Amino acid sequence: MSNAPDTASTAMIFIKDPHSFNAFISNAKAAGKSIGFVPTMGALHAGHMDLVRISNERTGLTVVSIFVNPTQFNDPGDFKKYPQTLEKDIQLLDKTGTAVLLAPRTGDMYPAGLQNLETYDLGYLETLLEGKFRPGHFQGVCQVMNRLLKMVEPDQLFMGQKDYQQCMVVQRLLELMKSRTRLVTCPTVREADGLAMSSRNMRLTPEQRAIAPGIYQTLKAAAQQIPHESFESIQNQALQRLADQGFRPEYFEIADARTLKPAHSFQPGKQLVLLVAAFLGEIRLIDNLLT
Ligand code: AMP
């Protein structure tokens, strides 16, 4: 694509080449449009589309990116098997109008290759929960987000509470970048049975899919116990409940919702978040619940 597409169009616009994207986004900004940004790895579902809806409501132009970022996968097998459904994604976005799809290639994002990339000071956020169990994951998230944010320079960035710790890491990145972009954390969209929507859900077998809502049920049961029982006991019961249902839990934690540091006892007025990661077969699922 050599010329920047017309920003007045309402149909979805698909741009692969970063140079064309730069020209397009500059035109949109010059025309006074506020920019919303929804970064994704594709295999779009209703959770992603809700972020697009919220962005469309609050900004003049929504940019959606689809890029399966190799540097954030600590497990190469997970990267290889990550679902890619670009044609379907385009059809879904087409229905929303007012969206621009940016789908760069790996070479565009990492022209100097994937080795010796920059690192970010994420402090303790990298040592707990997802940071602890997925070494290097949040460095990869920051590497790709830094590049995408520099390309889009959005007014508002829309991300899902489903990835609670990721939102905190990206907020930290925005501060490190001295960015003027405002992060908007949007509620988790769930299936009717409570399972948090995720691109990885499509890899579950029918048997695993039937078990999967147990994660949310366990979170809800634990949240009800919070004022009444010791946190250690609640955690142990939740881990046992998950194991009994056929999960291989990695963690079940009760944390301060503001800092993500472990919480040890109930204090009225202090918001908590319960966070869980558990495998079903080789599929790793995460979820969380604010109390
Ligand atoms: P992903 O494609 O999984 O990297 O996710 C892209 C964005 O969509 C991230 O900000 C996620 O937190 C968000 N997201 C993923 N699943 C959901 C969901 N079920 N509800 C709301 N947002 C979600």
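1. Which backbone N or O atom lies 3.0 Å from an oxygen atom of the ligand? In this predicted model, that atom belongs to G160, and two side chains also come into play at the ligand: an N or O atom in the side chain of H48 is 2.9 Å from a ligand oxygen, while for an N or O atom in the side chain of D163 the distance to an oxygen of the ligand is 2.6 Å.

2. The ligand would expose 490 Å² if taken alone, and the protein buries 93% of that area. The elements that contribute two or more residues to the surrounding shell are β2 (35-40), α2 (46-58) and β5, with the largest share, three residues, coming from α2. The shell has 16 residues in total, of which M41, H48, D163, V189 and M197 come nearest to the ligand.

3. M41 also appears in the surroundings of N69, a residue that touches M41, F79, Y110, G140, V141 and V144 when residues up to four places away in sequence are not counted. N69 lies in the loop between β3 (61-66) and α3 (76-81), and it counts as buried because its relative accessibility is 0%. Its side chain is joined to that of Y110 by a polar contact of 2.6 Å.

4. On the nonpolar interior, the largest core comprises 48 residues, and those with the most contacts inside it are F21, V63, M145, V152, L157, L260 and L275. Helix α7, spanning residues 137-152, gives the most to this core, with nine residues. A second core, separate from this one, has 24 residues, including A212, A222, F252 and L289. As general background, nonpolar side chains in soluble globular proteins tend to be buried together.

5. L157, one of the residues with the most contacts inside the largest core, deserves a closer look. Setting aside neighbours within four places in sequence, L157 is in contact with F37, P39, M145, L149, V170, L174, T181, R182, L183 and V184.

6. T181, listed among those contacts of L157, is placed in the loop between α8 and β6. With a relative accessibility of 10%, T181 counts as buried, because the cut-off for that class is under 20%. The side chain of T181 reaches the backbone oxygen of P154 at 2.7 Å, and, apart from neighbours within four places in sequence, T181 is in contact with L149, P154, D155, Q156, L157 and L174.

7. Helix α8 covers residues 164-176, and its 13 residues reach 19 Å from the first C-alpha to the last, close to the 18 Å expected at 1.5 Å a residue. Its buried members are Y164, Q165, Q166, C167, M168, V169, V170, L173 and L174, and these pack against α6 (130-133), α7, β5 (156-160), β6 (182-186), β8 (272-280) and β9 (283-290). Just after the helix, K178 takes a positive phi of about 50°.

8. Is R172, which lies in helix α8, buried or partly exposed? R172 is classed as partly exposed because its relative accessible area is 28%. Once neighbours within four places in sequence are left aside, R172 is in contact with D121 and L122, and a polar atom of its side chain lies 2.9 Å from the backbone oxygen of D121. R172 is 58 residues from S230 in sequence, and the two are 31 Å apart in space, C-alpha to C-alpha.

9. Two leucines with positive phi should be inspected alongside the model. L129 has a phi near 50°, a positive value in a residue other than glycine; it is located in the loop between α5 (106-109) and α6 and is buried, with a relative accessible area of 7%. L260 has a positive phi of about 75° although it is not a glycine; L260 lies in the loop between β7 (248-256) and β8, and its 1% relative accessibility likewise places it in the buried class. L260 is also named among the residues with the most contacts inside the largest nonpolar core.

Notes. Residues numbered from 1 in each chain as written. Predicted model: local features only at pLDDT ≥ 70, side-chain atom pairs only at ≥ 80, totals over all residues. Heavy atoms only, no water. Core = buried A, V, L, I, M, F, W, Y, C linked by side-chain atoms within 4.5 Å. Buried < 20%, exposed > 50% of the residue type's maximum accessible area, 1.4 Å probe, protein only. Helix = DSSP H or I, 4+ residues; strand = E, 2+ residues; numbered from the N terminus. Contact = heavy atoms within 4.5 Å. Expected span 1.5 Å × (residues − 1). Near = heavy atom within 4 Å. Polar contact = N/O pair within 3.5 Å; in protein donor to acceptor, adjacent residues only side chain to side chain. Areas by Shrake-Rupley, 256 points an atom, 1.4 Å probe, with all protein chains shown as cover.
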